Each structure stands twice: as structure tokens, then as C-alpha cells.
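Biologist: Please take a close look at one part of this model, the packing of a pair of helices. Then work outward from that pair to the rest of the chain.

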Amino acid sequence: MQNKGLIKVFAILFGLVCIYQLSFTFITNRVENEAEEFAIQKIGEDVDNYSVLRDAEEKRYLDSIGGDDIIAGITYNDAKDKELNKGLDLKGGINVILQISVRDILHGLANNTNDPAFNRALDQADAAQKDSQDDYIDLFFEAFNEIPDARLASPDAFFNKSLSDEINANMSNAEVEDVIRRKVDESITSAFEVLRKRIDKFGVTQPNIQRLGNSGRILVELPGAKDISRVQSLLQSTAQLEFWHVYKNNEFGNFLAEANNRLIELVGDKEETQQETDTTATEDSDIDELLAEAEEDDSSDASTGNNPLFDLIKSPGSQGGPVLAYFSARDTAKAMEYLNKSQVRSLLPAEQRYTKFVWGIPEGDADLVGLYALKGNRDMTPPLSGDVITDANQTFDQVGRIAVSMQMDGRGAKIWEEMTGYASNNQSQIAIVLDNIVYSAPGVSSGPISGGRSEITGDFTITEGQDLANVLRAGKLPASADIIQSEIVGPSLGQEAIDSGIMSFVIALIFVLIWMFFYYGKAGLYADIALAVNILFIFGILAGLGAVLTLPGIAGIVLTIGMSVDANVLIFERIREELAKGKMQKDAIKDGFNNALSSILDANITTGLTGFILLILGTGPIKGFATTLLIGIATSLFTAIFITRLFIDGYAKSGKELPFSTSATKNLFRNVKIDWLGKRKLAYVISGIMIIISLGSLLVQGLNMGVDFVGGRTYTVRFDQDVSPTDAQDDLVAVFGSAEAKTFGPNNQLKITTNYRVDDDGSEVDQEIQRTMYEALQDYLPADLTFEQFTTGGTDRSLGIMQSMKVGPTIADDIKNDSFWAILGSLVVIFLYILLRFRKWQFSIGAVTAVAHDVIIVLGVFSLLYKVMPFSMEINQAFIAAILTVIGYSLNDTVVVFDRIREYVNEHTSWNLDRTINKALDSMISRTLNTSLTTLIVLLAIFIFGGEGIRGFMFALIVGVIVGTYSSLFIATPVMFDSVTDKAKIQKKKKLEEEAETTV
């Protein structure tokens, strides 16, 4: 090997760089362990809500020492920025995909038009998007263009004041489409920037936010985030801040009485309620008297429902104040439905016909919500909105309540001065409305307020005040943002994943190290050293690139360990063959490395191709798996080809014998003679039966499709006792209609899946489903476990919801389609690569047939066994990653076999093709079994010790390795042989006969 000195220098320097990169991770782990120990000592378990208090204390400790020098000028904050990133499944946190509403953007660009044709096109786009992969804007334009004589450049669409500089009345629909596409893209970019600013201020280390194509989707990953409800609120809040003039309650006394009477006619019994109507209509009193009467009659009338509106009122607002009345939070939807009925709104006087009814924030612990009447207008646009805010900060008001102070720009300050002057002169109030909720409605008694300063007060915590100031500074979202896919992992579950991942990693590594030494002796020891260097390189590169390490990523690394053994096995087996031919040790080593190089490169390139497809199409943990797999392939090639050879050449240079075997393995698999092709018909029968059974099961029983592909919500819930999944499922079905509960890991942990309200988005829906689930599972939960503790994992985060995932139906369709194209694309790419590499289409046919054979059988096994296996066998994104990995492994094995067959064909030109193939397979049996057994044991270690979350994933790989090894010998090669026509065989025989005659 040439340039040994250069390779040594590079390996040493690169190793030092990797150690340097990983040192930051060791520093942060040490400091965070100290912080955790400090928090545990300071706050005992006897303190209420101790886990939350410990988190806060730990954060304060880290903040206090963040800038202190730890070693060589490196601070904790510096090290934290450069540590090895851990994914959600290892660290806990939240991963969401937000869908920015393109409908809202289009409606806003059209000036919130009420044009029936425009809104019909929006509705048609909504319906079409459920079953289409096209972007929403394309579906809208398609629907709009189908409307006869519909023009985008009309005053009822996009030819309006706000777009007059870019759109004129003479433009065609196609010309307007270009403008609107650009405007929509600008709005989505604006939403992305707003979210990025909010997340930057949230305080989570190593956040990730990125746009996903042009679909209006934004991926947000926040590893380590613990207050999940706070994160969801931060991401989804549109921050629509508005300032409105508000009516006093005494201006609406008669209206409420008339509204109640009209509702009696609409929803009550007319004969029985006519007397009530007459009596109430004769009373000319203010709102206090009416509400007082309603309260006096509450005991009798509420039961009969004679006063639909008044029966919902719990107490009146203060005389002359902005609150019309207080309602129970659970009655707000019903009350608003009543007030917005056209028959009720028609009772409003002409000067109040544009009134906008909105709710306030809940009043303390009473669960009462105030109703406000805002002075609206024809366009329902506020006199002043939040886009004038230039700065916002959490502060305290004059009486010590938490507040948010705001500073406006010049335009806003002028309008604010006019509004406060009007309120002062008329002794009225100004409602400060955020996301359609009134936070406060202060009066103005000291005249106009100049300077543009204002303040929002409410029942905030300090954190809520800080978050509100954050979103106001960052600006409002241009449209609503719905969470269409989310994954939430509790921190304790993340720690368990780390523990199980490390255990599986160590066990697999120990086995490989021992096996290589046992099988190849001192040469195996050199391979072990190269393997250790390989692992150092992998983790060092991950840390240096800022890549995210996930639990599937750890599986990818452990799988890489098994695959890296293959390169060393190929080299050692070839060296043993060269030694058996009687070559000198030096020459045997040289020829062994050279002859194995082709097989090693082919095998790793085919596996790498599937890794690239995963990297491109995968998201989250799957992308992490692909990243570590690709890095592992590159480092394995380097360490096997160069590092191992440095040690072997160095030892051989001394003149000492290096046998590449031990006494137990010296003659193992020598002189093997098997008629592989003679057994191909039996193999075809066996494979045919397995394929028929698999296809039959897939058609009859199907697969256990996870929420990734069908949409829905899934929760991992842990209890303090063993729970029967059947009993729990019955209780959940009773409330959800459709639900599934399965034991997930230990008997006190269930995986609960439901598609209840799968089409509905919003944190309110999530809260409703979690509360319903909490109530349905009461018999299995501790009596003192509150709903808040249930959703956050209990006081010590070891009970309740440990992990949750939500996938909307639209994105589920996208995942399904992406998975299909990933598998199909990998098959096409591999077919073309093998065709290019071997220059014979028969090799491609054999390889693709074997891969299809393996995929069908793996799917069949999952279809047959998912109802009886004690672990989850869902078909999800992780399973697709497993299928692609199986494809890669099967090809790895097949390509190595084909490479040997090609070599034998070129060397033994006088042999018949069947004899050549049989001999080639005989020579490969040691390598095939060695590699497959090593990889299989490694996978079993991960399967047993790697945690419940990846058990189904690893089971698919185990089945794939077994079937892939079988197919490379009994399917790929025989199919390749049988695809060589009889004519080709006859021509080859004739050519050999002619060559023999010429020689004579």
C-alpha cells in the first residue's frame, strides 16, 4: 500500500479532531449531571410537584454557571452549542409539522371577499386536498378556472386596493396566478420567519425549523422541550392583536331581553312560552334587573329551558362596564351560536348592526367567561391592529399584576391617541383583543394617551407574559397554523431510550469484538481496533456536522458495526484463499486486499443508494437513521481498507506469520461442494409457497397500518399497575367509538390509538381527546393523579402520557405516497447500478427478483404475525426504513456473490456455467455465513435490549437478513442462471469447441 505515512497522519489527526468534537458532549453531560444532582439534593420528593421544581432549579443552576470557564477557556454555553445533538426519542421534546393555511392567505389577499364563486373555489380546494398530492394553491386555481366567466382580476377577487400596484383589471387569470403564487410564497416565508423568531426566544437549545417544499408546511423540532402545551400555544398562536371600542352593558339590556324572547320562539314550546314572552316584554328595565330576574327564576326555569339565553348566564357584568354578562366556559359555544343567529342579530338597532360579540379570558378559578360587544364596522376591521407594535416586554402593573407593555410606531401612536381621546370624552372603554379573546378593556379617565404606549393585563403567569411579549415582538402569523403531524416524547421515556440504546450498542460491540478475534485470531484483533476507530469517527463526524442522533440512528450505527465486519471478512477470506494457493504471505495480503476491493465497493455503494433515498424522503428519526448509515458506510470503507491494512502490513513486515484463523476455524468451510443450482427447483417451490402465503395474508388479513399511513392519534400511557389491554380498549371504544389498546413493553404500559376527530386540528381538540381518555382510564390510574399530571407524565414523569403522536389524514396520504416512491425508486436505481456495473441484464433481473422476494416475505410475516406477537408490528415510517434497509442488505449480499461469479467466469472460461456458479458459491459460503451470523447476532442484541420503540423495526431487519441471505444463494443466482437462454449456453459451448480446434 502506497502513501502509508500520509494515511497514518490523516487517521491520527482525524481521530484527534473527533475526540475534540466529542469533548464538548462530555463536558455538557458532566455539568448537567452536576446540575441534576444539585436539584435533587435541594428539592426532595416530598415536595408537591417536585419534578417541575427540580427542572426549574436545574435550569437556574445551569444559567448561573453558563459563562464560567470549565476547561481551556470552554464554558458550558460554548460546549452546549457544540455537543452531539440528541433527537426527541433520546432527549424528549416535540416534533411538529405545521400547515400554514393557504386558504387564509388567499382569502386575505382577496380582501376577505364574500363572492360566492371565490369561496366555492376555496371549498372545492379544501375537499380536493384530502385526496390529492397537489399544492392547495394549484387546486384552488383549478377549481376557480372551472367556474364560467370567473376572473381572478375582478374586484370580487384580487383586483383590490392592496394589490392594485401589481394586478390590473385587464390581466388574464394566468398572469394573476403568477402574482398570487409569489404573494402566497412571501406570506409563507413571513410565517417561517415569525416562527423562527418565536422559537429563538423560547430558550430551547438546538432547535430545528425548516420549510418543507412549497406546500406551506413547516417542520419544527424542539428537543428537550418539556412544557409541551406552552410550545403548542407558542407555535399556533397567530398573535392577532387588535384594539376596539367597546359598548357598555347598559346599551345592550333591551337587546338581550329581546334576544332571549326570540330564542324562546325559535327553540321553545310556543304555547307555554307565550306568557313568558308577554311578561318579559312588558318589563322595561336595565341589564341588572333582567339578569337578576333570570337568576331568581333559575331554579324553576333552568330545568324547563324556558329562557334559552338567560338560563346560560351565571352573573351580570358590573353596571356601566364593558362585560355584558358572565357565562360558564362550557356554555360559551352555545351562547355564541344563539347570539349569531340571523333572527337574533336582526334585533340589533341600526347603529349596532355590525356589533362583534367576543369572549374574554376566564375569571380565575370560577371558570366564568365575560361576554363583550365590540363596535364593529362593515369590513370588521379594527381601528388599530398589532402590526404597529415595535416592542413588547413582560412587566408588572401598578398593583403588582403581571402585564405586557407595548410600544407602537408613529402611525399607531397617532391612532392610539385618537382612540383614547374618544374613550376619555365618552367615558367608554377600549378592548385589547388577542386572537379573538378580550384580555382587558380599560377605561380612559385622564384624556388622550400620547407616545404610543399601552399595556395588556390578565391572569398571566410570568412565563405566559414572557411568551406573549415574545409573539408580539416577533409579529403575527399571516394565516392560521395547524399542527397536522406531531410527535411528543416525555423526558423520562427519552432517558430510558438512551439506556436501552447504550446497552444494545455495548452488547453488540462486545460480541463482534469477541467473534472476530475467535474466528481470525490476531488479524481479527486488528479488525477490532479498526472497528473502534470506525466508531470514534462516526460519533466525531455526527458531532462535527451538528447531525441529530436518534434511537434509529443508534440502530444504524450498530447495524454499521455488523456491516463493517463484512468488509474485513471479505478481505480476510480472500487472503486465506491466496495463502491456500501457496502464495507468500506478503503477496497473499496484497492480492487479498486488491481482489476484495471490488466486492466491498459494490456492496457498500448499493447499500449507500438506499441510504440516500431514505435521507431524501425520510423525516425525523428516519433521516437520523439514514445519516448514521451513510456516515458509517464511508468510515467503514476507510477503516477496513486502510486502517486494518496498516496494522496487517506492519505485522507482516516483521516476517512473523499471520494465519488469519485460529485452530478452531482453520479448516472450517474448506472443500465445500454443494450443487446449489441443482437445488434451485426446490428453492423455487419453497419460495413460491412462502410468497403465496404472504400474498394471501396481505389480501385477507392485511397489515396493521400505523397512524403514519391512515392518520389519527397514538399515545403511550404508563400506569402504576398491570393493565389488561382488552378491558382498557373496551372503555376507550365506549367514548371514542373507535380505539385500539395494546401492551407496549411492560404490562403496565399501553399504546392507545384512535382516529376520533382525525380531521380536526387545534390544541382544543387535543385537550378534549386527552381529557376524554383520562376520564375513560380512571379505573386504572391512581386516584390522586390529576389531569395535568396525566398529560405531563405524573409528578415524577413516570405515569400517564409518556409519548404521543398525531398525523392528519392529508399528511398520512403524503407519507404513504412517499414510501411507495421510495421503495420503487430504490429498486429502479439498484437495477440500473447493477446493469451498469455487471454489463449483463441477467444480473439485474436476478438481484431485483431477490429483493422483491424478500420484501414480499417480510410484509407477509408482518401480516401473519401482527395479531399474535407481544410487540408492536405497525406499518409506519420506521418500517419503510426497515424495508429499504432490507433491500440494501439483500443487495449487499447478492452483489458480493455476483462479483465472485463474474470473477470465476473470467478465470475459468472452459467450465460450464452451472459448474462455474456452483464453485463460486462454494468459495463464498464462509464469508456469507460469517457476515450474516454476525449481523444477525447484532440485530438480536438491539431487538432484545434496544427498547420497545424500535422492536418492530429490528424484527423486520432480522427477518430481512435471514431471507436476504437465503435469496442471494437460492433466488438471485438461480434466476440469473435461468435467464441466460439456452441459445447463449450453446453459443458459449460452440465457441469453446472452436477455440479447442484452433489450438489443435
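Modeller: Start with H5 and H7. Their axes come within 9 Å and cross at roughly 50°. This is a predicted model, so read each value as computed from predicted coordinates. The angle lies outside the bands for parallel, antiparallel and perpendicular pairs, so H5 and H7 are oblique to each other. Their crossing is right-handed. On the H5 side, the residues that meet H7 are Val102, Arg103 and Leu106. H7 answers with Tyr136, Ile137 and Phe140. By class, that contact has five nonpolar residues, no polar ones and one charged residue.

H7 has another partner. Helix H6 covers residues 116–129, and H7 covers residues 136–145. The axes of H6 and H7 come within 8 Å and cross at roughly 130°. H6 and H7 are therefore oblique as well. The crossing of H6 and H7 is right-handed. From H6, the contact takes Phe118, Ala121, Leu122, Gln124, Ala125, Asp126, Ala128 and Gln129. From H7 it takes Tyr136, Leu139, Phe140, Ala143 and Phe144. Sorted by class, the residues between H6 and H7 are 10 nonpolar, two polar and one charged.

Put the two contacts side by side. Tyr136 and Phe140 of H7 meet H5. Tyr136 and Phe140 also belong to the H6 contact.

What joins H5 to H6? A loop does, and Asn111 is found in it. H5 itself spans 102–109. Asn111 has a positive phi of about 60°, although it is not a glycine. Most residues other than glycine have a negative phi. Asn111 is also exposed, because its relative accessible area is 52% and the cut-off is over 50%.

Gln427 is a further case of positive phi in a residue that is not a glycine, here about 50°. Gln427 lies in the loop between helix H16 (410–426) and strand E15 (429–434).

Now compare a pair at the start of the chain. Helix H1 runs over residues 4–42 and helix H2 over residues 50–65. Their axes come within 8 Å and cross at roughly 130°. H1 and H2 are therefore oblique to each other. Their crossing is right-handed. H1 brings Val31, Glu32, Glu34, Ala35, Glu36, Phe38, Ala39, Ile40 and Lys42 to the contact. H2 brings Arg54, Glu57, Glu58, Tyr61, Leu62 and Ile65. The class split for H1 with H2 is eight nonpolar, no polar and seven charged. For H5 with H7, recall, one residue is charged.

Next, the cores. The largest nonpolar core has 128 residues. Phe572, Ile834, Phe879 and Ile887 have the most contacts inside it. Another core lies apart from it, with 50 residues. Among its members are Leu98, Ala117, Phe140 and Phe141. Phe140 thus ties this core to the helix packing, because Phe140 is a contact residue of H7 with H5 and a buried member of a nonpolar core.

Back in the largest core, look at Ile834. Leaving out neighbours within four places in sequence, Ile834 is in contact with Arg839, Phe843, Ser844, Ala847, Leu891 and Val895.

Two more buried sites are worth a look. Thr716 sits in strand E20, residues 712–718. At 3% relative accessibility, Thr716 counts as buried. Residues up to four places away in sequence aside, Thr716 touches Phe744, Gln749, Leu750, Gly800, Ile801, Met802 and Gln803.

The other is Arg645, in helix H22, residues 621–653. A charged residue can be on either side of the cut-off, so check the value: Arg645 is buried, with a relative accessible area of 10%. The C-alpha atoms of Arg645 and Tyr526 are separated by 8.7 Å. Along the chain, Arg645 and Tyr526 are 119 residues apart.

Finally, the whole chain. It comes to 33 helices and 23 strands. Of its 1000 residues, 54% are buried. Take the contacts between residues at least 6 apart in sequence: 73% of them join residues at least 24 apart.

Conventions
Residues numbered from 1 in each chain as written. Predicted model: local features only at pLDDT ≥ 70, side-chain atom pairs only at ≥ 80, totals over all residues. Heavy atoms only, no water. Core = buried A, V, L, I, M, F, W, Y, C linked by side-chain atoms within 4.5 Å. Buried < 20%, exposed > 50% of the residue type's maximum accessible area, 1.4 Å probe, protein only. Contact = heavy atoms within 4.5 Å. Axes fitted to C-alpha atoms, helices over the stretch in contact; angles between N-to-C directions. Helix = DSSP H or I, 4+ residues; strand = E, 2+ residues; numbered from the N terminus. Parallel < 35°, antiparallel > 145°, perpendicular 65-115°, else oblique. Left-handed = near helix turned anticlockwise from the far one by under 90°. Nonpolar A, V, L, I, M, F, W, Y, C, P; charged D, E, K, R; others polar.
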